[in-house]
Amino acid sequence: MDVVVENLTKSFGYQKAVDSVSFEVKKGEILGFLGPNGAGKTTTMKIMSCFLFPDYGNIHIGKYSIYKNPYKIKQIIGYLPEHNPLYEEMNVIDFLNFIAQIHNIPHYKILPKVMDMLRTCGLENEKHKTIRELSKGYRQRVGLAQALIHDPEVVILDEPTTGLDPNQIIEIRELIKKIGQEKTVILSSHILAEIEATCDRVLIINKGKIVADGTSAELRNKSNTDRLVKIQIEGGEETDIYNELALLPEIENIISSTKYHFEIQCNREAEIEKKIFELCTQNHWYIKELTPIETRLEDIFRQVTQN
Amino acid sequence: MNTVSILINKELSNSFNSWSIYLGYILFFCICGFFSWLSTDNLFYLGQATMNPVFGVINWTQFFLIPALTMKSIADEKRNGTIELMLTKPVKTADLICGKFFSNLIITTIALLITLPYYFTLSFLGQVDHGAVLLGYFGLIAMSACYISIGIFSSALSRTPVTAFFVSLGIGLCFQFLFGTLAVQIGTGFFADFFSYLSMEEHFDSLSRGILDSRDLVYFGSVVTIFLALSKFFICKSRF
């Protein structure tokens, strides 16, 4: 089910939390929502889940609008809120049973569904414990289980892997990827590596506005930072190699890191590999290593969110 | 309706899984029993087989215990964030409020049932007007419904249960005591009639005397509806 967000605007007092945000998420796509604290990610997700209503703009989930059909939308979305609120006095199995009932899952399907969720989220050994007794990681799993129990068409997860151990993070990532094959998944996270590993598309939001939108590769290409290349050239004196490299007009900066190793910063359009190769053949040197250093998502994030 | 019954079921099982509800019942039973049978002006001194003094004691005990029962209903959901969980599920705000209201009403009705042994004892001791007792119990349930709706409204207004308790007690005190006193102070005229109509004691008295008047039913129904509607308004307001 497609999600279409149109000119979404929401203010709290005089502060605009979300400012004319528009984007679209297709079925079978995993969208990663990135942004610094207070950027408007959670507010956007709360509006998507019909908890808050926007000042302007609209959201369509499939053919349903948040204004006209909020009840229908709540039936087809699975939402994990940021602070993962749960009824702490209930035990895990009763809580999931209650959520399944609320979602009008037929009575005969409730128990198999609950057991399936307990298995999927690794809660089998904790099912009779009250939620108050659970560790943060297990509570997060209960939160995930309640968001997924009714097999939702659209899954909205606000920082889903907070508090999980590395093994569980990998398991949850795999689960999200599996869900994302057939369903629409929107997730936010502060862990950029997680977004990169899980999401098909990244959307960076800052001060309520979208500042970057595309796949990780697209964002890297769009990024206006220079290209970085790590090279190791041998067959001559290190100072000669350094001096000759520094004379190349395409190279903007050069750092000699360890012996015969250089880090070169150059323009994105420059054919630096060809120039280095020509320089080496002229001087009878040889290239032992040439590795392009990828622009990390962190760099792009910092670039678009820092003014 | 199905959603409301699921919510009532959840609220009741959570309440009865906690020891505090049983403590509340014991406290209620003991306070009512002490003032009805053991205090200096107990039922034996009255020389009449009437439940009216017991109803008076129950009324005042409920007046203090119901705010304690309802103070957590919405304020706790807001503080723990579970209201976000509930309102992003296929649950309407009205369903959530009705679930809280009816579960609390069931809990208070059970508390009233605990006092039935007093009625049975009294009926052995003398001739009791059974109709008046039945209407008296109905009046107590109606009054509980009013105080529960006031409690839920106060809880919807407040961020913490303690604030909700005092707000609820304050509003309740107006209906229980102040409006009646004001009516007596003013004496006659429109405002005296107006405050007299607002006083809960006035409507309960006629029921406990065995008079079923449609104006009393309209009054209790209106108080419940107005405060529950206001609760819904304040919960929805925070979402816009």
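**Close-up views of a predicted model**

**View 1. Trp60(B) lies in helix α4 of chain B.** The model shown here is predicted. Relative accessibility of Trp60(B) is 33%. Values between 20% and 50% count as partly exposed, so Trp60(B) is classed as partly exposed.

**View 2. Trp60(B) belongs to a nonpolar surface patch.** Its partners there are Phe64(B), Leu173(B), Phe177(B) and Leu178(B). Together these residues make a patch of about 450 Å². Two helices of chain B each supply at least two of the patch residues. They are α4, spanning 52-70, and α10, spanning 161-186. The most comes from α10(B), which gives three residues.

**View 3. Helix α3 of chain A packs with helix α1 of chain B.** Here α3(A) covers residues 92-102, and α1(B) covers residues 2-16. Their axes are 10 Å apart. The angle of packing is about 165°. Angles over 145 degrees count as roughly antiparallel, and α3(A) and α1(B) are therefore roughly antiparallel to each other. Their crossing is left-handed.

**View 4. Helix α3(A) also packs with helix α5 of chain A.** Residues 136-148 form α5(A). The axes of α3(A) and α5(A) are 9 Å apart, at an angle of about 25°. That angle makes the two helices roughly parallel, as the cut-off is under 35 degrees. The crossing of α3(A) and α5(A) is right-handed.

Definitions and conventions: Residues are numbered from 1 along each chain as its sequence is written. Chains are lettered from A and ligands numbered from 1 in the order in which they are written. This is a predicted model: local features need pLDDT of at least 70, side-chain atom pairs count only at pLDDT 80 or more; totals for chains, interfaces and linings use all residues. Side-chain values use heavy atoms; hydrogens and water are left out. Patches are made of residues with over 30% relative accessible area and no salt bridge: like charges are joined within 9 Å, nonpolar side chains (Val, Leu, Ile, Met, Phe, Trp, Tyr) within 5 Å. Accessible areas come from the Shrake-Rupley method with a 1.4 Å probe; for residues, only the protein chains shown count as cover. A salt bridge is a side-chain nitrogen of Lys or Arg within 4 Å of a carboxyl oxygen of Asp or Glu. Helices (H or I, at least four residues) and strands (E, at least two) are DSSP runs, numbered from the N terminus. Buried means under 20% relative accessible area, exposed over 50%, partly exposed in between (1.4 Å probe, protein chains only). Axes are lines fitted to C-alpha atoms, for helices over the stretch in contact, and angles run from 0 to 180 degrees between N-to-C directions. Angles under 35 degrees count as roughly parallel, over 145 as roughly antiparallel, 65 to 115 as roughly perpendicular and the rest as oblique. A crossing is left-handed if the near helix is turned anticlockwise from the far one by less than a right angle, and right-handed if clockwise.
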